Amino acid sequence: IENEILQIIERAKPEITNINTADIPQFTGDKTLYNKQLKDLYKQNIQGKTVQHPAIGDINFYGNGLKKTIDEAGNDFEQLSLLPQIDDITKNARYETLQPAYKMRSDGITDFDILSGRANINGHPVDTQIKIGKDARILI
C-alpha cells in the first residue's frame, strides 16, 4: 500500500519547466531596474498570450496581477526568475483548489484557481503557487 501511495503522490506532482537562465535578467543591485526589466520581458513575451491548462481550459495572460506578483515576491529572486516563463509553468502546473475572493473586487474577479507549479533553474527545483483570477466571463 505504501508503494501505491508514493506512486499516486508522484503522479500528482506538476510537470517541471526548465528555466534557461540566459532568459532571465541579471540582478545588478538595482531592484527598481530589475523589476522594470521583468515587467518589460513579461509585456513583450507573455502578456496577451493564452495557454491551455488540462483542468481549467484557456488561461489568458493580462497585466492585471503583474505588479502585485513582483511586489509580493519582494527580494525572492528565485521566485522572480520564474516570471519570464510563467506561461509554461502555468500550463504544466497541478490544479489545487478554487478559492473565493475574500472581498468584493472592483475588477470583477470572483474566484481564484490555485495551481502548484514547479521549475528547474540550473538543476535546482523551485516550487511556486499560481493564482488565476476568474471573473464571470473569463480567466484573468
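Which residue in E5 does Ile16 stand opposite? In this predicted model, the residue facing Ile16 across the strands is Arg118 in E5. The two strands involved are E1, covering residues 16–19, and E5, covering residues 111–121. They run in the parallel sense, with 4 bridges holding the pairing on record. E1 also has two distinct faces: Thr17 and Ile19 sit on the covered one, while Ile16 and Asn18 sit on the uncovered one.

Zooming out, the protein chain has 5 helices and 6 strands, laid out from the N terminus as α-β-α-β-β-α-α-α-β-β-β. Of its 140 residues, 37% are buried. Among contacts with a separation of 6 or more, 57% link residues 24 or more positions apart. About 8700 Å² of the chain is exposed, with carbon and sulfur atoms supplying 49% of that area.

Helix H2 (residues 31–45) is worth a look of its own. With 15 residues at 1.5 Å a residue, H2 should span 21 Å, and its end C-alpha atoms are indeed 21 Å apart, so the two values agree. Its buried residues are Tyr34, Asn35, Leu38, Leu41 and Tyr42. These cover an arc of only 125° around the axis, which means they lie on the same side of H2. That buried set packs against helices H3 (66–73), H4 (77–80) and H5 (86–91). Turned away from the buried side, the other face of H2 carries exposed Thr32, Lys43 and Gln44. As for the N-terminal end of H2, Asp30 caps it, with a side-chain oxygen 3.1 Å from the backbone nitrogen of Thr32.

Technical notes
Residues numbered from 1 in each chain as written. Predicted model: local features only at pLDDT ≥ 70, side-chain atom pairs only at ≥ 80, totals over all residues. Heavy atoms only, no water. Buried < 20%, exposed > 50% of the residue type's maximum accessible area, 1.4 Å probe, protein only. Pairing = 2+ DSSP bridges. Contact = heavy atoms within 4.5 Å. Areas by Shrake-Rupley, 256 points an atom, 1.4 Å probe, with all protein chains shown as cover. Expected span 1.5 Å × (residues − 1). Arc of directions from axis to C-beta. Polar contact = N/O pair within 3.5 Å; in protein donor to acceptor, adjacent residues only side chain to side chain.
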